[in-house]
Amino acid sequence: MKEIITQLKNALRCADCILVGAGAGLSAAAGYDYAGARFLKYFSDFHTRFGIEDIYSGGFYPFPSREMFWAWWSRSIWINRYAPMPASDVYPNLLHLVEGRDYFVLTTNVDHAFQRSGVAKERIFYTQGDYGLFQSSRPAGASAGKTYDNKESVRAMLTAQGFTFAEDGTLLLPENGAPAMAIPSDLIPYCPDDGAEMATNLRADASFVEDAGWHAAAARYTDYLTHTEGRRTLLLELGVGMNTPGIIKYPFWRMTAERADVTFATVNLGIGYVPPEIAPRSMIINGDIAKTLRELVS
């Protein structure tokens, strides 16, 4: 392990360009746990009533009413997007590694953690959406290509459930009794442009809205890839699994295979494979991301 950490340190130092590919494992390493104590703190009522075991699977549950659906989603959106980030050194250490360097971030995560940690939006491409945005559930006509900030709407839903907020935005459970499991009907969000019920701007099907900001970020990413050509480029994959391998993992493998100036490094607990043809220019760390980043900055 010590030897490969040294190799990765050298690769980071020698790289002209660093392209970070960040998946769900990075968010988990930074404390965005979707199960366990964090889940039970805010969703114990849904767990007891419906048997839901984690935040991710709950997002697909067929709730019996839209009022209950939005009670669930308002909690999920707030704690994963607007509440203070979990106490962790993961993002500070990662930013320390790339500070002052020529770098870009490609991520499937929707928690906005990179931007909240201080990475300029011009350096990030969030491919799968943003918890902080709504879109029309039937985007067309006036709502086509549009997203809508949701913070105030989500806050109103949570207040109606009995939650309060600390000064830093931490979501506080009701002091007297459990939160309501449904919001008032008049708080169900509807699109101001087409009148359809809102949806979260998360890529789940073909209705996902790629708005102007998304397209601008996609263009910047394409430009960055062109910019790296002929330069020593490190592809640093962090916590990318096989959920959506076509966004980060497979393109990174392909780039490594096609370009002699590219080195690939992956840090992922439990996933330690690369195709044999790129193995000589790859570094595989099958281990904890947080621990690995600490060792890299030491």
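## A walk through two sheets and their helices

His112 is found in the loop between β2 (103–107) and α7 (113–116). The model is a predicted one. In this loop, His112 has a positive phi of about 65°, although His112 is not a glycine. Its relative accessibility is 13%, so His112 counts as buried, the cut-off being under 20%.

A second positive phi comes at the end of a helix. Just after α6, Gly100 takes a phi of about 80°. Helix α6 itself spans residues 90–98 and is mostly covered, with seven of its nine residues buried. The buried residues of α6 are Val90, Tyr91, Asn93, Leu94, Leu95, Leu97 and Val98.

Now turn to the sheet that contains β2. Strands of a sheet pair through backbone hydrogen bonds, either parallel or antiparallel. Here six strands form an open sheet with parallel pairing, in the order β3-β2-β1-β9-β10-β11. Which strands stand at the edges? They are β3 (124–126) and β11 (282–285). Each has a single partner strand, so one side of each is left without a neighbour in the sheet. From one strand to the next, the twist averages 15°.

Start inside this sheet, at β9. Strand β9 covers residues 233–238, and six of its six residues are buried. In a regular strand the side chains alternate between the two faces of the sheet. In β9, Thr233, Leu235 and Glu237 point one way. Leu234, Leu236 and Leu238 point the other way. Both sets are buried.

The neighbours of β9 come next. Strand β1 (residues 17–22) pairs with β9 in the parallel sense over six bridges. Cys17 stands opposite Thr233 of β9. The pairing of β9 with β10 is also parallel, over six bridges. There, Glu237 has Thr266 of β10 as its bridge partner.

Continue outward to the edge. Strand β10 (residues 262–267) pairs with β11 in the parallel sense, over four bridges. Phe264 has its bridge partner in β11, namely Ser282.

Beyond β11 in sequence lies Thr292, placed in helix α11 (residues 289–297). Is Thr292 buried or exposed? Its relative accessibility is 1%, so Thr292 counts as buried. What does Thr292 touch, leaving aside its neighbours within four places in sequence? Thr292 is in contact with Met1, Ile5, Val267 and Ile285. Of these contacts, Val267 belongs to β10, and Ile285 belongs to β11.

The other sheet has antiparallel pairing. It is open, with three strands in the order β5-β4-β8. Its edges are β5 (148–149) and β8 (198–202). Each edge strand has a single partner, so one side of each has no neighbour in the sheet. How many bridges join β4 and β5? The two strands pair in the antiparallel sense over two bridges. In β5, Asp149 is the bridge partner of Leu133.

Phe134 is placed in strand β4 (residues 129–136). With a relative accessible area of 2%, Phe134 is buried. Along the chain, Phe134 and Asn201 are 67 residues apart. Their C-alpha atoms are separated by 5.1 Å. Asn201 falls within β8.

A helix lies over this sheet. Helix α5 lies across β4 and β8, and runs at about 140° to β4.

Helix α5 also meets helix α8. Two packed helices are described by the angle between their axes and the distance between the axes. The axes of α5 (residues 66–82) and α8 (residues 151–161) come within 9 Å and cross at roughly 120°. The two helices are therefore oblique to each other. The crossing of α5 past α8 is left-handed.

Which residues make this contact? From α5 come Trp70, Ala71, Ser74, Arg75, Ile77, Trp78 and Tyr82. From α8 come Lys151, Val154, Arg155, Met157, Leu158 and Gln161. The contact residues divide into eight nonpolar, two polar and three charged.

Taken together, α5 links the two parts of this last view. It lies across β4 and β8, and α5 also crosses α8.

Terms used:
Residues numbered from 1 in each chain as written. Predicted model: local features only at pLDDT ≥ 70, side-chain atom pairs only at ≥ 80, totals over all residues. Heavy atoms only, no water. Buried < 20%, exposed > 50% of the residue type's maximum accessible area, 1.4 Å probe, protein only. Contact = heavy atoms within 4.5 Å. Axes fitted to C-alpha atoms, helices over the stretch in contact; angles between N-to-C directions. Parallel < 35°, antiparallel > 145°, perpendicular 65-115°, else oblique. Left-handed = near helix turned anticlockwise from the far one by under 90°. Nonpolar A, V, L, I, M, F, W, Y, C, P; charged D, E, K, R; others polar. Pairing = 2+ DSSP bridges.
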